[in-house]
Amino acid sequence: MRRGGAVSDLLEAVDALLARPDVLPPPHVRAELRRAAGLRQDEVAEVFGVTRVAFHRWETGQAKPHRRRLEAYAHLLNGWAKKYPEAAAAPVPEQEAG
């Protein structure tokens, strides 16, 4: 294999890692993004077909959605991050930082 091909293969592998939907932003950012979109937890939960409590657990990092919903949730968060970059850069609240 030629050297350029090896680097290309490596970059493709790295891109695949970056595209994995199972890496979600920190919980405080998830909540900020939802609030920036002007939505309540129950509104988002309804779209995903889960209870508000289940969605709350996703948003706070207490639970992680199963694969299909995880991909959709990550897609939603990424879309919101592009639309609301200031919310995506939200600092960690003081009670979580310490």
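Arg34 sits in helix α2 of this predicted model. Is Arg34 buried or exposed? With a relative accessible area of just 8%, Arg34 counts as buried, because the cut-off for that label is anything under 20%. Looking past its neighbours within four places in sequence, Arg34 is in contact with Leu39, Arg40, Gln41, Val44, Phe55, Glu59 and Trp80. Two of those names, Arg40 and Phe55, come back further on: Arg40 in a salt bridge, and Phe55 in the largest nonpolar core.

Arg34 has company in its helix. Helix α2 runs over residues 27-36, and its buried residues are His28, Val29, Arg30, Ala31, Leu33 and Arg34. Arg35, by contrast, counts as partly exposed, since its relative accessibility is 46%. Glu32 gets that label too, at 30% relative accessibility. Arg35 and Glu32 form a salt bridge, and their closest N and O atoms are 3.0 Å apart. Both residues belong to helix α2, where three residues, about one turn of the helix, separate them. Just after α2 comes Gly38, with a positive phi of about 75 degrees.

Stepping back, what does the whole chain look like in terms of helices and strands? The tally is seven helices and zero strands, so the pattern along the sequence, given that helices are numbered from the N terminus, is simply α-α-α-α-α-α-α. The chain has 98 residues, and 28% of them count as buried. Its accessible surface is about 6900 Å², with 55% of that belonging to carbon and sulfur atoms. As for who touches whom, take the contacts with a separation of 6 or more: 61% of them involve residues 24 or more positions apart.

Now for the inside. Which residues of the largest nonpolar core touch the most other members? In this core of 16 residues, the answer is Phe55 and Tyr73. At least two residues of the core come from each of α2, α3 (41-48), α4 (52-60) and α5. Helix α5 supplies the largest share, with five residues. Phe55 is buried, its relative accessible area being 0%. Tyr73, setting aside neighbours within four places in sequence, is in contact with Leu24, Arg30, Phe48, Phe55, Trp58, Glu59 and Pro65. Arg30, one of the contacts of Tyr73, is also among the buried residues of helix α2.

Rings are worth a look of their own. The structure holds five aromatic pairs. In one of them, the rings of Phe48 and Tyr73 have centres 5.9 Å apart and planes at 90 degrees, so the pair is edge-to-face. This pair ties together distant parts of the chain, with Phe48 in helix α3 and Tyr73 in helix α5, 25 residues apart. Phe48 and Tyr73 are both buried. Another pair joins Phe55 and Trp58: the ring centres are 5.9 Å apart and the planes lie at 65 degrees, so this pair is edge-to-face as well. Here the partners are both in helix α4, three residues apart, which is about one turn of the helix. Trp58 is buried, with a relative accessible area of 6%. Put together, ring pairs link Phe48, Phe55, Trp58 and Tyr73 into a cluster.

That leaves the charged side chains. How many salt bridges are there? The count comes to five. One of them, between Arg35 and Glu32, has already come up with helix α2. Another pairs Arg40 with Asp42, whose closest N and O atoms are 2.9 Å apart. Arg40 is partly exposed, with a relative accessible area of 49%, and Asp42 is partly exposed at 34% relative accessibility. In a further salt bridge, the side chains of Glu71 and Arg67 meet at 3.7 Å, N to O. Why are Glu71 and Arg67 separated by about one helical turn? It is because they are four residues apart in helix α5, which covers residues 67-83. Glu71 is partly exposed, with a relative accessible area of 40%, and Arg67 counts as partly exposed at 44% relative accessibility. Finally, salt bridges that share partners join Arg40, Asp42 and Glu43 into one network.

How values were computed
Residues numbered from 1 in each chain as written. Predicted model: local features only at pLDDT ≥ 70, side-chain atom pairs only at ≥ 80, totals over all residues. Heavy atoms only, no water. Buried < 20%, exposed > 50% of the residue type's maximum accessible area, 1.4 Å probe, protein only. Salt bridge = Lys/Arg side-chain N within 4 Å of Asp/Glu carboxyl O. Contact = heavy atoms within 4.5 Å. Areas by Shrake-Rupley, 256 points an atom, 1.4 Å probe, with all protein chains shown as cover. Core = buried A, V, L, I, M, F, W, Y, C linked by side-chain atoms within 4.5 Å. Phe/Tyr/Trp six-rings, centres within 6.5 Å; stacked < 30°, edge-to-face > 60°.
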